[in-house]
Amino acid sequence: MDRVLGQSQAIDLLNLQLTTGRQHHAYIFHGPVGVGKFTTALAYARVLLCHDTSTDLAGRTIACDACPSCKLLADLTPDPQSTKDDDTLGLTTAHPDLHVIRKELARYSDDANTRNRKLTRIPVEVLRSALIEPANLAPKLASGKVFIVDEAELLNPAGQNALLKTLEEPPPGTTLILVTGNEDRLLPTIRSRCMRIAFSPLPDKAIEDWCTQQAPDLSDQHHRALVEFASGSLGRAELITRYSLLSWTDAILPALDHAAQARPTADLGQQIFSFIDTFASEFVKAHANASKEAANKLAADLMWSLIATRARARLAQLAQNCAPDDPINNEQILSPWLAVIDATEQAQKHLGSNVNLSITCDHIAVALTRSLAPSY
Ligand SMILES: [Zn+2]
């Protein structure tokens, strides 16, 4: 687990559980996307499933690398620089007691309807056949069973309710790990039954180092833009480079500053829409079972986050000019950028309630331009 980058607090907590032998039976690993939650879950599962753990010099419980379970998971090297992809699905067959549940599993369903749907959710049928039923069977290698639900927020309320009984009375030796970038979408009844482990954004230095190694040809300006856009997520940094999303920073960030200088960009809404739509289409092409709707949401999340991150950076700069005893003037200085952050949150809500993407993009563009327009 120590090979997972920059998450020492989460990993220390898990190590403590292992060394004291007080492992919880259910966890929620929560935090931003792309900071090592899933990789840590796999590494933790590896130790839990090992038949012959030992203690290293620092007192941490480690897997033996030699038992049948460790051998089955030999290829499972936590690589902090890899973002999860469909290839980890192979794990479900490689080790009989490690089950990874994600929405893509639906393509292996016995039910043709479930198999053929383009999925934005984890269907409850998948949860039943891949978790609830196997959880009640004895482990095949006699050292427990681990179930990892990736993107657990994609379980709808029916799925989450179906999971409650397993969480309440887990079969002996069963560990459940719910991995989520959006813990708010888990029911309180689920959250209260799990031990929550928080993962934080990585420090900028970690992203800078990654960027120097993986994208050495970037200009200094793009290097800085990538670090800001990635916001502490290596997974996101990888998406940005793989899908050339620095073109977004080239167009959208100056447009924000132009709006603040009374030079609004006329077609900003359609520009935002076109960036989101192009990325989502490419993403769907590269991922066999991805739905356009889910890809649109992923792309839109990135776009709102790019805008909000820039707004926060501008707020931090402006706050330096604020006098502590002049709230009215401070409000005038800060409110345009605060309104930008509000606009991104609104846009997020609109998409969550299925407002058409193109309309949402036009709406946010108008809101941004209005918020930032200088009042003379
Ligand atoms: Zn082992």
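In the predicted model, helix 6 (residues 124–135) lies across strand 4, strand 5 (145–149) and strand 6, and runs at about 155 degrees to strand 4. The axes of helix 6 and helix 7 (residues 157–168) come within 10 Å and cross at roughly 5 degrees. With angles under 35 degrees counted as roughly parallel, helix 6 and helix 7 are therefore roughly parallel to each other. On the side of helix 6, the contact is made by Val-124, Leu-127, Arg-128, Leu-131, Ile-132 and Ala-135, and on the side of helix 7 by Ala-158, Gly-159, Ala-162, Leu-163 and Thr-166.

These elements belong to a chain with 16 helices and seven strands. Of the 376 residues of the chain, 38% count as buried. Among contacts between residues at least 6 apart in sequence, 69% join residues at least 24 apart.

The strands crossed by helix 6 form part of an open sheet of five strands, in which the order is 4-5-6-1-7 and the pairing is parallel. Strand 4 (98–101) and strand 7 (195–198) are the edge strands, each of which pairs on one side only. On average, and with direction ignored, neighbouring strands of this sheet are turned by 20 degrees against each other. In general, strands of a sheet pair through backbone hydrogen bonds, either parallel or antiparallel.

Followed from the edge at strand 4, the sheet begins with the pairing of strand 4 and strand 5, which is in the parallel sense and extends over four bridges. Within this pair, His-99 stands opposite Phe-147 in strand 5. Strand 5 is in turn joined to strand 6 by five bridges, the two strands running parallel, and here Phe-147 stands opposite Leu-176 in strand 6. Phe-147 thus has His-99 as a counterpart in one pairing and Leu-176 in the other. Five of the five residues of strand 5 are buried, so this strand is largely enclosed by the rest of the structure. Its residues point in two directions, with Lys-145, Phe-147 and Val-149 pointing one way and Val-146 and Ile-148 the other way, and all are buried.

The pairing continues between strand 1 (residues 26–30) and strand 6 (residues 174–180), which run parallel and are joined by five bridges. Two of the opposed positions in this pair are Phe-29, which stands opposite Val-179 in strand 6, and His-30, which stands opposite Thr-180 in strand 6. Four bridges join strand 1 to strand 7, again with the strands running parallel, and Ile-28 stands opposite Arg-196 in strand 7. Because four of its five residues are buried, strand 1 is largely enclosed by the rest of the structure.

Among the helices, helix 2 (residues 37–49) is also described by its burial, since 13 of its 13 residues are buried and the helix is therefore largely enclosed by the rest of the structure. At 1.5 Å a residue, the 13 residues of helix 2 should span 18 Å, and the end C-alpha atoms are 18 Å apart, which agrees with that expectation.

Helix 15 (residues 327–352) has 26 residues and reaches 35 Å from its first C-alpha to its last, close to the 38 Å expected at 1.5 Å a residue. The helix bends by about 45 degrees at Leu-334, and a proline, Pro-336, follows within four residues. Pro-336 is itself buried in helix 15, as are Trp-337, Val-340, Ala-343, Thr-344, Ala-347 and Leu-351. An α-helix has 3.6 residues a turn, so residues three or four places apart point the same way. The cover over the buried residues of helix 15 includes helix 12, helix 14 (292–319) and helix 16 (357–372). Just after helix 15, Asn-354 takes a positive phi of about 60 degrees.

Positive phi values in residues other than glycine are also found at Ser-231, where phi is near 45 degrees, and at Ala-262, where phi is near 60 degrees. Ser-231 is placed in the loop between helix 10 (220–230) and helix 11 (234–242), whereas Ala-262 is placed in the loop between helix 12 (246–260) and helix 13 (268–286). Ser-231 counts as buried because 22 C-beta neighbours lie inside 10 Å, while Ala-262, with 12 other C-beta atoms within 10 Å, is exposed.

Terms used:
Residues are numbered from 1 along each chain as its sequence is written. This is a predicted model: local features need pLDDT of at least 70, side-chain atom pairs count only at pLDDT 80 or more; totals for chains, interfaces and linings use all residues. The expected span of a helix is 1.5 Å times one less than its number of residues. A residue is buried if 20 or more other C-beta atoms lie within 10 Å of its own, exposed if 12 or fewer, and partly exposed in between; C-beta atoms are placed from the backbone. Two residues are in contact if their C-beta atoms, placed from the backbone, lie within 7 Å. Two strands pair if DSSP finds at least two bridges between them. Axes are lines fitted to C-alpha atoms, for helices over the stretch in contact, and angles run from 0 to 180 degrees between N-to-C directions. The bend at a residue is the angle between axes fitted to the seven residues ending there and the seven starting there. Angles under 35 degrees count as roughly parallel, over 145 as roughly antiparallel, 65 to 115 as roughly perpendicular and the rest as oblique.
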